[in-house]
Amino acid sequence: KSELIHNVDISVDKPILLNAHIAIQPDKTTIDLKGEAQLSELIDSRLAVWLSSAFPLFRNATAIGKLKFSGRAALPDLSAKGLAKIDLKSLALPSRTTTVSNLKLKLPLQLPNNGDWGLLRVGRLDFQTVALKDLLFHLRLTTDALEASTMNSANIDTPIRQFAWGGSVDIAHLYAALPLNTKTETVFRAVVNGGPFSIAALQKDLCIAPKQPLKGELSFTYPKVNLENSIITLTGDANATLFNGNVHLSDIQLAFKQRDPQIMFDLDWDDLDFYAIGEWTQIGDMRGSLNGSLKSAKFIWTPIGVYPLQYNFTLRGSQRGGSDMRFYGRAVNNILELMGINREEMPWYANLAISLSTTWRNLSPAKAYYLGFKAKSDRDWTELSTFDPDTANNTTGSAVGPCGNKNHYMLCGSGFTIPLNTHGVYPVIMRTDAFHDWL
């Protein structure tokens, strides 16, 4: 027994300066740890190299700052108590054009009981044109998860307000839990309001068609944002001014439980300007307004693309500023091609006739007295129908202008008509796969 080891001291100098003292007793073993590290040695030379292949975010990452920690653990009861501190002067992530400055972390550690709440302060976070300043979170490490909140141990909330893209975002009553084992799931709750944001600025920073900026603004109010059981639910509204009209998005639900994620939402739009749509999409010169909705929509992300599982879609055109809907030559030609007409497969004389017609329509635009249809799908079957004749948009006094009193036209007017079905069958029911091919 006199030859047994009672004390062990371990020292490491790189990349972490670590000192450990282990005291071995017959009924208990204690371990005292104390260490510190320069983040440049820990991140630049090691973590960035090791993780860059799996996580491109860390490619060429650099950091300046210091990590300190100390604590004591006891065996065999697996109890521990300690404290970790990080003083980060700067962290650069060139692959994402992101930098973090003046970050300070103080995190108590305790097992098996939950530790006290610590504090995370971020002086500044820069991403593209966005600069977030003076972020404050309360952190706690438990046996199951790493928790973060804007509320302290006394449940006093410190909301976050930041400015970006010409507007502001407010986050209150935030709580998040990142699991540390497979039995615990990620949890997130918050109240989030924001706007008005420039849509063009959002496009630029998020790399969404940055060369085709959209004029308009986006605002949202979500009093309940919740992530639980692999389902994200946003209860509230988002509103945008777009194409000189209005777009409204209500509750959103995104489910990750299945192999392929699914999203559910309701969307509607009102008084969108045909001219602005034609200019942005380069379809051509059009005049009028567009209204519609996409209700009870449910889409699924698969390895081969995004597919609808169900929806109730409506689309209607109307006058704008007291003038009829009008389509000029290039727009008429592009709309016909969108509807499935392939001019490359047509004989030369038919192509010539269409070219002459569209040239004429540049001088005398085609008028539309009626435009609209409905599509309802339950994944396997899609039902197409048109609205009843509407004389409100009819300047000729007859039921639907040159279309008579028939109600199976998707578009009819003085220049061209698009029947839902040439035989007047109403409504049209087809297999959804065929509908997608037709589109």
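Student: In this predicted model, is Phe 373 buried or exposed?

Tutor: The cut-off for a buried residue is under 20% relative accessible area. The relative accessible area of Phe 373 is 14%, so Phe 373 falls in that class. The class of Phe 373 is therefore buried.

Student: Which class of aromatic pair do Phe 313 and Phe 373 form?

Tutor: A pair of aromatic rings is described by the distance of the centres and the angle of the planes. For Phe 313 and Phe 373 the centres are 5.8 Å apart and the planes make an angle of 55 degrees. Planes under 30 degrees apart count as stacked and over 60 as edge-to-face, with the rest tilted. The pair of Phe 313 and Phe 373 is tilted.

Student: How many residues apart in sequence are the parts that this pair of Phe 313 and Phe 373 ties together?

Tutor: Phe 313 belongs to strand S19 (residues 305-318), whereas Phe 373 belongs to strand S21 (residues 366-377). The pair therefore ties together parts of the chain whose separation in sequence is 60 residues.

Student: Which residues make up the aromatic cluster that contains Trp 165?

Tutor: The count of aromatic pairs comes to eight. One aromatic cluster joins Trp 165 with three partners, and its members are Trp 165, Phe 197, Phe 220 and Tyr 222.

Student: What is the C-alpha to C-alpha distance between Ser 385 and Gly 372?

Tutor: Ser 385 is placed in strand S22 (residues 381-385), and its relative accessibility of 9% makes it buried. Gly 372 is 13 residues away from Ser 385 in sequence. In space, the C-alpha atoms of Ser 385 and Gly 372 are separated by 9.1 Å.

Student: Which residues of helix H2 are buried?

Tutor: Helix H2 covers residues 199-206. The cover over its buried residues includes strand S7 (118-127), strand S8 (130-141), strand S12 (187-198), strand S13 (216-228) and strand S14 (231-242). The buried residues of H2 are Ile 199, Leu 202, Gln 203 and Asp 205.

Student: What is the radius of gyration of the protein chain, and why does it indicate a chain more spread out than a compact globule?

Tutor: The secondary structure comes to six helices and 25 strands. For 439 residues the globule rule gives 22 Å, and the value for this chain is well over that, so the chain is more spread out than a compact globule. Along the principal axes, the C-alpha trace spans about 110 × 45 × 35 Å. The radius of gyration is 31 Å.

How values were computed: Residues are numbered from 1 along each chain as its sequence is written. This is a predicted model: local features need pLDDT of at least 70, side-chain atom pairs count only at pLDDT 80 or more; totals for chains, interfaces and linings use all residues. Side-chain values use heavy atoms; hydrogens and water are left out. Buried means under 20% relative accessible area, exposed over 50%, partly exposed in between (1.4 Å probe, protein chains only). Helices (H or I, at least four residues) and strands (E, at least two) are DSSP runs, numbered from the N terminus. Contact means heavy atoms within 4.5 Å. The radius of gyration is taken over C-alpha atoms; the globule rule is 2.2 Å times the number of residues to the power 0.38. Rings of Phe, Tyr and Trp (its six-membered ring) pair if their centres lie within 6.5 Å; planes under 30 degrees apart count as stacked, over 60 as edge-to-face and the rest as tilted.
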